[in-house]
Amino acid sequence: MTMVADNTAQARLSKRFEKWDKDGNGVLEPSDFVAEAAEIAAALGQAPDSPRGAALRDAFQSMFEALADRAGVSPQGPLNRDQFHAAAGELFQGGEAAFNTVLGPVAKGIIGLCDRNDDGVIDASEFAGWLRAVAGLDEAAAAEAFRQIDADGNGTLSEDELLAAIREFHFGRLEFELLG
Ligand SMILES: [Ca+2]
Ligand SMILES: [Ca+2]
Ligand SMILES: [Ca+2]
């Protein structure tokens, strides 16, 4: 990996730490991740305790526990900034299988919240709704993002394509943030 890509990855983890520290107390706790999931569900017009909102919340909680486990702290945290950088960095750098185990439920949760026609995948208009909600992107930017992430060009985004996009963003090879 080049130094530029590494710096990008570190900068993106810093930004994510700040975004996910919902109560702004300088450390991450499970409650921060629950609040983040609730905010995403609400942005997509779903109640946080609806089945799909709850699925994303559970995925975020599991992700927190996986990071805490890697950092060697209690499943309840807290995780400080250095611990988060080390644990998340290790997760992104490590094998695809471990990454997919942790982020797969998050990708599934995102699909569930976006999937208005219930076909299990995200089409271009569903994806535009997602990017508008989490990143404020307009239609043209969302269409371009969709084209890049739809690796097999079949007009829908699968869990695997979303997982690949989350990794690509982290390493600075994609400019669209999917995790908000
Ligand atoms: Ca916090
Ligand atoms: Ca769909
Ligand atoms: Ca596809």
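**Three calcium sites and a helix crossing**

With a relative accessibility of 41%, Asn25 counts as partly exposed. That residue is a handy way into this predicted model, since Asn25 gives its OD1 atom to the calcium ion (ligand 1). The other protein donors of this ion are Asp21 (OD), Asp23 (OD), Val27 (O), Glu29 (OE) and Asp32, which is listed twice through OD. Distances from the ion to these atoms run from 2.2 to 3.0 Å. Read along the chain, the donor residues of ligand 1 follow the spacing D-x1-D-x1-N-x1-V-x1-E-x2-D. Glu29 tells another story from Asn25: at 16% relative accessibility, Glu29 counts as buried, because the cut-off for buried is under 20%.

Next comes the calcium ion (ligand 2). Its coordination comes from Asp115 (OD), Asn117 (OD1), Asp119 (OD), Val121 (O) and Glu126, which appears twice through OE. These atoms sit at 2.2 to 2.7 Å. In sequence, the pattern reads D-x1-N-x1-D-x1-V-x4-E. The 6 donor atoms subtend angles of 51 to 157 degrees around ligand 2, so the arrangement counts as irregular. Two of the residues involved, Asn117 and Asp119, are donors to ligand 2; Asn117 is partly exposed at 43% relative accessibility, and Asp119 is partly exposed at 43% as well.

Between Asn117 and Asp119 in the numbering sits Asp118, a residue with a quirk of its own. Asp118 is not a glycine, yet it has a positive phi of about 55 degrees. For context, most residues other than glycine have a negative phi. Asp118 lies in the loop between α5 (96-114) and β1 (122-123). A relative accessible area of 51% makes Asp118 exposed, because exposed means over 50%.

The calcium ion (ligand 3) is held by Asp150 (OD), Asp152 (OD), Asn154 (OD1), Thr156 (O) and Glu161, again listed twice through OE, at 2.2 to 2.5 Å. The spacing here is D-x1-D-x1-N-x1-T-x4-E. Angles among the 6 donor atoms span 54 to 154 degrees, and the site of ligand 3 is irregular. One of its donors, Asp152, is exposed, with a relative accessible area of 53%.

Glu161 of this last site also falls within the numbering of helix α8 (residues 159-170), and that helix meets α5. A pair of packed helices is described by the angle between their axes and the distance between the axes. Here the axes of α5 and α8 come within 9 Å and cross at roughly 115 degrees, so the two helices are roughly perpendicular to each other. The crossing of α5 past α8 is right-handed. On the α5 side, the contact is made by Glu96, Phe99, Asn100, Leu103, Gly104, Ala107, Lys108, Ile110 and Ile111. On the α8 side, the residues are Glu159, Leu162, Leu163, Ile166 and Arg167.

Helix α5 also holds Ala98. With 32% relative accessibility, Ala98 counts as partly exposed. Setting aside neighbours within four places in sequence, Ala98 is in contact with Arg70 and Leu91.

One more backbone detail turns up before α5. Most peptide bonds are trans. Gly77 and Pro78, however, are joined by a cis peptide bond, with omega about -5 degrees. Pro78 has its place in the loop between α3 (51-71) and α4 (81-93).

Key: Residues are numbered from 1 along each chain as its sequence is written. Chains are lettered from A and ligands numbered from 1 in the order in which they are written. This is a predicted model: local features need pLDDT of at least 70, side-chain atom pairs count only at pLDDT 80 or more; totals for chains, interfaces and linings use all residues. Side-chain values use heavy atoms; hydrogens and water are left out. Donors are N, O and S atoms within 2.8 Å of the metal (3.2 Å for Na, K and Ca); water is not among the atoms, so sites may look incomplete. Four donors count as tetrahedral if all angles lie between 85 and 135 degrees; four count as square planar and six as octahedral if opposite donors are over 155 degrees apart and all others between 65 and 115; anything else is irregular. Buried means under 20% relative accessible area, exposed over 50%, partly exposed in between (1.4 Å probe, protein chains only). Helices (H or I, at least four residues) and strands (E, at least two) are DSSP runs, numbered from the N terminus. Axes are lines fitted to C-alpha atoms, for helices over the stretch in contact, and angles run from 0 to 180 degrees between N-to-C directions. Angles under 35 degrees count as roughly parallel, over 145 as roughly antiparallel, 65 to 115 as roughly perpendicular and the rest as oblique. A crossing is left-handed if the near helix is turned anticlockwise from the far one by less than a right angle, and right-handed if clockwise. Contact means heavy atoms within 4.5 Å.
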